[in-house]
Amino acid sequence: MVTSFLRKMILGKKEKFLFKGYQEGNINFKDIDDETGLYIHIPFCRSLCPYCPYNKILYDRDKAEAYKVALIKELTLQRENLKDKKINSIYIGGGTPTLLITELKEVIKYIKVYFNFKGDIGIEIHPKEVNEDLLIHLKNLGINLISLGVQTFDNDILKFLGRNYNNHDIDKAITLVKSFNFQCLDIDIMTNLPGQTLEDIRYDLEKVYSYNIDQLSIYPLIIFPMTKMQKVIKEKNLSRLNEWQERKVLQVIDEVSKEYGYDRSSIWTYGKTHNNRYTSVTRESFVGFGAGASSHFGNYFYLNTFSVDDYINALEEDRLPINIVNFMTDREKMIFWIFWRCYDGIIDGKRFKELFQKDMQKEFKLLFFLLKFLRLAVEEEGKITLTDFGRYVYHFVEKQYSIHYLNKLWQDSMEKAWIEEIKI
Ligand SMILES: C[S@@+](CC[C@H](N)C(=O)[O-])C[C@H]1O[C@@H](n2cnc3c(N)ncnc32)[C@H](O)[C@@H]1O
């Protein structure tokens, strides 16, 4: 409902967003931006967490080897399209990417040899996977940004979330990672976990900041209908804070972050310094590799098949594993950009002009009038900044986007390897 209302109001578009099954030739890869990032998805985990919507299967050594061969083949098939591009960042997400650290060595080496890469390499790490050998490996691969998936310091809740570690393991993991002085250590924490109180959330915040980390990513637990979470919470009759109480959570996060000297760098991240960030989703242009990886450049947003077997088979047949493509109109592309700038909390009119040669506020008169009229945003020197209330509303919109838009896209993609069409 929220998304269709916004679609009508902002885009004047009645029809749903359309994703069409990919056919060879219907993406013009020449539209890839001159400077772009890469995303590599590693869909393997040792165990499956009941709340997690991301594409993953249980780790299998032989399949991991075949997956590596497929990844390198996908990179090879895209070499011609990326040969004149500057690759300014590589993010490796999962699943649990470090399960394939040996395979990733070959993948990263391939990128460094055949692509014009200069920039950051970020990887997500599961706390239970942290050990000295792994960190030495990461350093040797030139990985400088780390995102550690801690979630909470509450042992009971960790157990409930299916996390096979406790807060003592977390302490060891953070201390060891810090001793390696990576450029940026980001820690993922989730809030409004079942049974959690505001005091519990404040405890997790003070605890995580006591490690003097570089960035905190703090996500409200989003109950994706495609996961078992809703059913488990119901069966165990567990409580959660309601939407309005979540506003209080955002205020507590702001307060404690200020106390520890951390500034907000997006709707859900706080950093110690402005330019040292771990952020894959907010990049303006990225090309994804792997089963379930997404890509965005030009007027395209597309997803690779989520099926690991079909991904491997497609590449064995020298076929790009692209499953569904959303061809955006220019207006949709501008709104896609504004949507992710709202995630950053700042929408820069000058950058909009650089990208689209248009005046942002003339182009989306109603949107910016309402943002300011409803005190969701303020304007300073051509930059639109979300107010605290604006942030709270965007927090709500982002969750609705996940529950109604992403959930449909990912669930259908997990149920069917190759899709003709999805309307959302
Ligand atoms: C792609 S996941 C991968 C992390 C890694 N596999 C791990 O579990 O540590 C990245 C982050 O998304 C967040 N996340 C996962 N499921 C979520 C959900 N249902 N709601 C909100 N955040 C979620 C978690 O904080 C997680 O660390």
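**Exercise 1. Place Gln-196 and describe its surroundings: where does it lie, and is it buried or exposed?**

*Step 1.* Find the loop. Gln-196 sits between strand 8 (184-191) and helix 7 (198-209). Helices (H or I, at least four residues) and strands (E, at least two) are DSSP runs, numbered from the N terminus. Before going on, keep in mind that this is a predicted model, in which local features need pLDDT of at least 70, side-chain atom pairs count only at pLDDT 80 or more, and totals for chains, interfaces and linings use all residues. Residues are numbered from 1 along each chain as its sequence is written, and side-chain values use heavy atoms, with hydrogens and water left out.

*Step 2.* Check the accessibility. Gln-196 has 5% relative accessibility and therefore counts as buried. Buried means under 20% relative accessible area, exposed over 50%, and partly exposed in between (1.4 Å probe, protein chains only).

*Step 3.* List the neighbours. Contact means heavy atoms within 4.5 Å. Beyond the residues within four places in sequence, Gln-196 is in contact with Thr-152, Ile-157, Met-190, Thr-191, Ile-201, Asp-204 and Leu-241.

*Step 4.* Look at the side chain. One of its polar atoms lies 3.0 Å from the backbone nitrogen of Asn-192.

**Exercise 2. Which residues does Ser-239 contact, leaving aside its neighbours within four places in sequence?**

*Step 1.* Go to the loop between helix 8 (229-235) and helix 9 (243-259), where Ser-239 lies.

*Step 2.* Read its accessibility. With a relative accessible area of 48%, Ser-239 is partly exposed.

*Step 3.* Name the partners. They are Leu-193, Pro-194 and Gly-195. Ser-239 and Pro-194 are 45 residues apart in sequence, and their C-alpha atoms are 5.6 Å apart in space.

**Exercise 3. Trace the pairing of strand 5: how many bridges join strand 2 to strand 5?**

*Step 1.* Start with strand 2 (residues 35-42). Eight bridges join it to strand 5, and the two run parallel. Two strands pair if DSSP finds at least two bridges between them. Gly-37 has Ser-89 in strand 5 as its bridge partner.

*Step 2.* Move on to strand 6. Strand 5 and strand 6 are paired in the parallel sense over six bridges, and Ser-89 has Asp-120 in strand 6 as its bridge partner.

*Step 3.* Ask how enclosed strand 5 (residues 86-94) is. Seven of its nine residues are buried, so the rest of the structure largely encloses it.

*Step 4.* Visit Gly-122 in strand 6 (residues 116-125). At 0% relative accessibility, Gly-122 counts as buried. Leaving aside neighbours within four places in sequence, its contacts are Ile-90, Tyr-91, Ile-92, Leu-145 and Tyr-278.

**Exercise 4. Why do the buried residues of helix 10 line one face of the helix?**

*Step 1.* Mark the buried residues of helix 10 (residues 308-316): Val-308, Tyr-311, Ile-312, Ala-314 and Leu-315.

*Step 2.* Look down the helix axis. These buried residues fall within an arc of 160°, so they line one face of helix 10. The arc is that of the directions from the helix axis to the C-beta atoms.

*Step 3.* See what that buried set packs against: strand 3 (44-45), strand 4 (57-58), helix 2, strand 12 (286-289) and strand 14 (300-304).

*Step 4.* Step past the helix. Asp-318 follows helix 10 and has a positive phi, near 55°.

**Exercise 5. Explore the cores: which residues have the most contacts inside the largest nonpolar core?**

*Step 1.* Take the definition first. A nonpolar core is a set of buried Ala, Val, Leu, Ile, Met, Phe, Trp, Tyr and Cys residues joined through side-chain atoms within 4.5 Å.

*Step 2.* Pick out the residues. The largest core has 82 residues, and Tyr-67 and Leu-138 have the most contacts inside it. Helix 2 (residues 61-82) gives the largest share of this core, seven residues.

*Step 3.* Zoom in on Leu-138. Leaving aside neighbours within four places in sequence, Leu-138 is in contact with Ile-101, Ile-123, Ile-125, Ile-143, Ile-146 and Phe-182.

*Step 4.* Find the other core. Apart from the largest core lies another of 45 residues, including Phe-336, Ile-338, Trp-340 and Ile-384.

Definitions and conventions:
A polar contact is a pair of N or O atoms within 3.5 Å; within protein, one must be able to donate a hydrogen and the other to accept it, and residues adjacent in sequence count only if both atoms are side-chain atoms.
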